[in-house]
Amino acid sequence: PAAGAGSEGCKALGALLSGIAQAAYHGNAALTAELLRGQLYPEAAPEEFAALRAKMGGLLQSIASADMDLNQLEAFLTAQTKKQGGITSDQAAVLAKFWKNHRVKIHESLVNQSRWDNVLKNMNWRVDLKSQSRHIDQINTPVAIVEMELGKNGQESEFLCLEFDEAKVSQMLKNLSEIEESMTALTQTT
């Protein structure tokens with residue numbers, strides 16, 4: 001039977017999709033084409049396996065980049081089964097099941113890969129009374145101590161500690177309010 005047919009073929013195809021996703025979306029470079037072919041399709045000719053892997057990788061990329069919901073997925077896969085040189089209904093079922101189970105993780109991975117810089121992972125704050133200062137009139141004034149944890153997922157975080165007096169907190173809140181207004185205006189126009 002052709003690669004991907006029957007119950008064993010469905011299991012192998014699900015494992016192939018998993019391998020493709022691990023390599024493409026989760027940075028697992030150890031899952032090479034040779035390893036996948038050897039483990040999952042040892043009887044398949046290298047070019048037959050390469051064609052199957054390329055087809056499934058392309059379909060998964062289309063599904064993932066559009067972050068398809070279940071209705072879009074069903075329409076997309078149905079169209080693929082009707083296309084000349086497309087996929088079988090068994091392969092479509094395996095793709096659908098795989099996407100239902102892995103959509104969230106793949107989407108998160110794509111979002112993380114598309115970030116170009118650090119993100120705010122966490123923020124802690126407290127308000128203290130200043131007990132020492134070069135200027136006597138600043139003693140016993142409240143100050144906000146803000147600690148921000150910055151970093152990329154999977155990498156060690158950096159910590160940034162800032163001190164704000166009341167005027168700086170007001171300025172920061174004003175700036176954040178302007179950012180929020182800009183974002184709201186953008187989401188309402190799209």
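In this predicted model, the axes of helix 3 and helix 5 come within 10 Å of one another and cross at roughly 55°. That angle makes helix 3 oblique to helix 5, and the crossing of the two helices is right-handed. The residues of this contact divide into 11 nonpolar and 2 polar, with no charged residue among them. On the side of helix 3, the residues that meet helix 5 are L52, M56, L59, L60, I63, A64 and S65, while helix 5 contributes Q91, L95, F98, W99, I106 and L110.

The largest nonpolar core has 29 residues, and within this core L16, M56 and L77 touch the most other members. At least two core residues come from each of the four helices listed here with their residue ranges.

| Helix | Residues |
|---|---|
| Helix 1 | 6-25 |
| Helix 3 | 46-65 |
| Helix 4 | 70-82 |
| Helix 5 | 89-114 |

In soluble globular proteins, nonpolar side chains tend to be buried together. Once its neighbours within four places in sequence are left aside, L16 is in contact with L36, L40, Y41, F49, L52, R53 and M56. Of these partners, L52 and M56 also belong to the helix 3 residues that meet helix 5.

A separate local feature concerns D67, which lies in the loop between helix 3 and helix 4. The phi angle of D67 is near 45°, a positive value in a residue other than glycine. D67 counts as partly exposed because its relative accessibility is 21%, and the buried class is reserved for values under 20%.

Definitions and conventions: Residues numbered from 1 in each chain as written. Predicted model: local features only at pLDDT ≥ 70, side-chain atom pairs only at ≥ 80, totals over all residues. Heavy atoms only, no water. Core = buried A, V, L, I, M, F, W, Y, C linked by side-chain atoms within 4.5 Å. Buried < 20%, exposed > 50% of the residue type's maximum accessible area, 1.4 Å probe, protein only. Contact = heavy atoms within 4.5 Å. Axes fitted to C-alpha atoms, helices over the stretch in contact; angles between N-to-C directions. Parallel < 35°, antiparallel > 145°, perpendicular 65-115°, else oblique. Left-handed = near helix turned anticlockwise from the far one by under 90°. Nonpolar A, V, L, I, M, F, W, Y, C, P; charged D, E, K, R; others polar.
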